[in-house]
Amino acid sequence: MSNWVIETKGLSKSYKGRFAVSNLNLRISRGDIYGFLGPNGAGKTTTIRMLLGLIKPSKGTVELFGRPLKTDRLPLLRKVGSLVEYPSYYGHLTAVDNLEAIRRIIDAPRARIAEVLEIVGLTKEARRSVKGYSLGMKQRLGIASALLGQPELLILDEPTNGLDPSGILEIRELIKSMPAQHGITVLISSHLLSEVEQMAGTVGIIRHGELVFQDTIARLQEQAQSSIQLRVSEPEEAMLKLFRHGVEEAVMTASGITLPGAWSDAEMAELVRTLVAGSHDIYRIEEKRKSLEELFLQIVEGGARL
Ligand SMILES: Nc1ncnc2c1ncn2[C@@H]1O[C@H](COP(=O)(O)OP(=O)(O)OP(=O)(O)O)[C@@H](O)[C@H]1O
């Protein structure tokens, strides 16, 4: 069995000759939470619609659970739960009645309603009419509907859009529990890295319809370039000594000397020895890392390709 729950090859969609999604090779492994990131209009929803068979690719293929979506559409989609944009529900009905309407269509066991309400934390509110729910509760109800058919894969398009911080936290905790507690692989899209970085194992970043990064969060973090900030006495002289000692790049800033790049412990020790031998006082040595968010913005706005 393929280890990829989702695999796309050269997936593309064009509208009137313009590519909204271009040549996407996504790979989402079983048990992962995959953060699908990109600014508004980058092509996330278009991609998700193709993954769910809602629109046809112009080019390329989608495989779910190792099988082509094109030929095995119905059995494959039965294993997928999704929430695309805002969930639809009947406001005057209770959560139980809303779920019952869907349960009948997909022919899930009646007992599943109580289970999914429990998973999303709506058991106590289940008999209230949905129109009185907060947006966060409505989103959780949407996730409950997606879980009714006991999916192996959950696809969520911007599920935290418009939620307040506590609503975001609730959805995040809920999603985090999916792989370990329920054996469900999750693809979640967002335009904010900060929303997915605490739960995603892997991230795919899409810009102008193209995938510009796909790897683990840890690998993304490694790409965030670091630097060393030094505060020493007589900094100009110290900088000259460092150049003489073979340091290739150093920049004088208001806060001292900046040495770009990653420095090993041995290299740092050598550098400190040089400065101390040159009678400089060392006041501060700090390692500065670009935050993941800064790196993400640089990728999606600045055009950096990793
Ligand atoms: N039916 C359509 N007809 C024409 N152009 C479309 C259509 N659907 C999407 N597009 C275009 O494709 C591009 C990608 O849109 P898409 O909705 O997939 O982006 P997104 O990353 O999901 O953004 P958002 O977060 O704003 O939904 C946009 O330029 C959009 O205008």
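This report walks through the ligand site of a predicted model, then turns to its strands and one helix that crosses them.

**The ligand and its shell**

Let's start with the residues around the ligand: they are Tyr15, Ala20, Pro39, Asn40, Gly41, Ala42, Gly43, Lys44, Thr45, Thr46 and Glu158. By residue class, this shell divides into 4 nonpolar, 5 polar and 2 charged residues. Which element gives the largest share of the shell? That is helix α1, spanning residues 44–51, which contributes 3 residues.

Polar contacts to oxygen atoms of the ligand come from both backbone and side chain, and the table lists three of them.

| Residue | Protein atom | Distance to a ligand oxygen atom |
|---|---|---|
| Ala42 | polar backbone atom | 3.0 Å |
| Gly43 | polar backbone atom | 2.8 Å |
| Thr45 | polar side-chain atom | 2.6 Å |

How much of the ligand does the protein bury? Taken alone, the ligand exposes 640 Å², and the protein buries 58% of that.

**The six-stranded sheet**

Now for the strands. An open sheet is built from 6 strands, with mixed pairing, in the order β7-β8-β9-β4-β10-β11. At its edges stand β7 (80–84) and β11 (210–216); each has a single partner strand, so one side of each is left without a neighbour in the sheet. From one strand to the next, the twist averages 15 degrees.

Within this sheet, β4 (residues 33–37) pairs with β9 (residues 185–190) in the parallel sense, over 5 bridges. If you would like a pair of residues to find in the viewer, look for Phe36, which stands opposite Ser189 in β9.

A helix also belongs in this picture. Helix α5 (residues 135–147) lies across β7 and β8 (153–157), and runs at about 155 degrees to β7.

**The β1–β2 hairpin**

Another pairing joins β1 (residues 4–15) to β2 (residues 18–24), this time in the antiparallel sense and over 4 bridges. Here Lys13 is the residue that stands opposite Val21 in β2. The two strands, β1 and β2, form a hairpin with 2 residues between them. What is the phi of Lys16 in the turn? Lys16 has a positive phi of about 50 degrees.

The hairpin strands bring us back to the ligand: β1 covers residues 4–15 and β2 covers residues 18–24, while Tyr15 and Ala20 are among the residues around the ligand.

Definitions and conventions
Residues are numbered from 1 along each chain as its sequence is written. This is a predicted model: local features need pLDDT of at least 70, side-chain atom pairs count only at pLDDT 80 or more; totals for chains, interfaces and linings use all residues. Side-chain values use heavy atoms; hydrogens and water are left out. A residue is near a molecule or strand if one of its heavy atoms lies within 4 Å of it. A polar contact is a pair of N or O atoms within 3.5 Å; within protein, one must be able to donate a hydrogen and the other to accept it, and residues adjacent in sequence count only if both atoms are side-chain atoms. Accessible areas come from the Shrake-Rupley method with a 1.4 Å probe; for residues, only the protein chains shown count as cover. Ala, Val, Leu, Ile, Met, Phe, Trp, Tyr, Cys and Pro count as nonpolar, Asp, Glu, Lys and Arg as charged, and the others, Gly among them, as polar. Two strands pair if DSSP finds at least two bridges between them. Axes are lines fitted to C-alpha atoms, for helices over the stretch in contact, and angles run from 0 to 180 degrees between N-to-C directions. Contact means heavy atoms within 4.5 Å.
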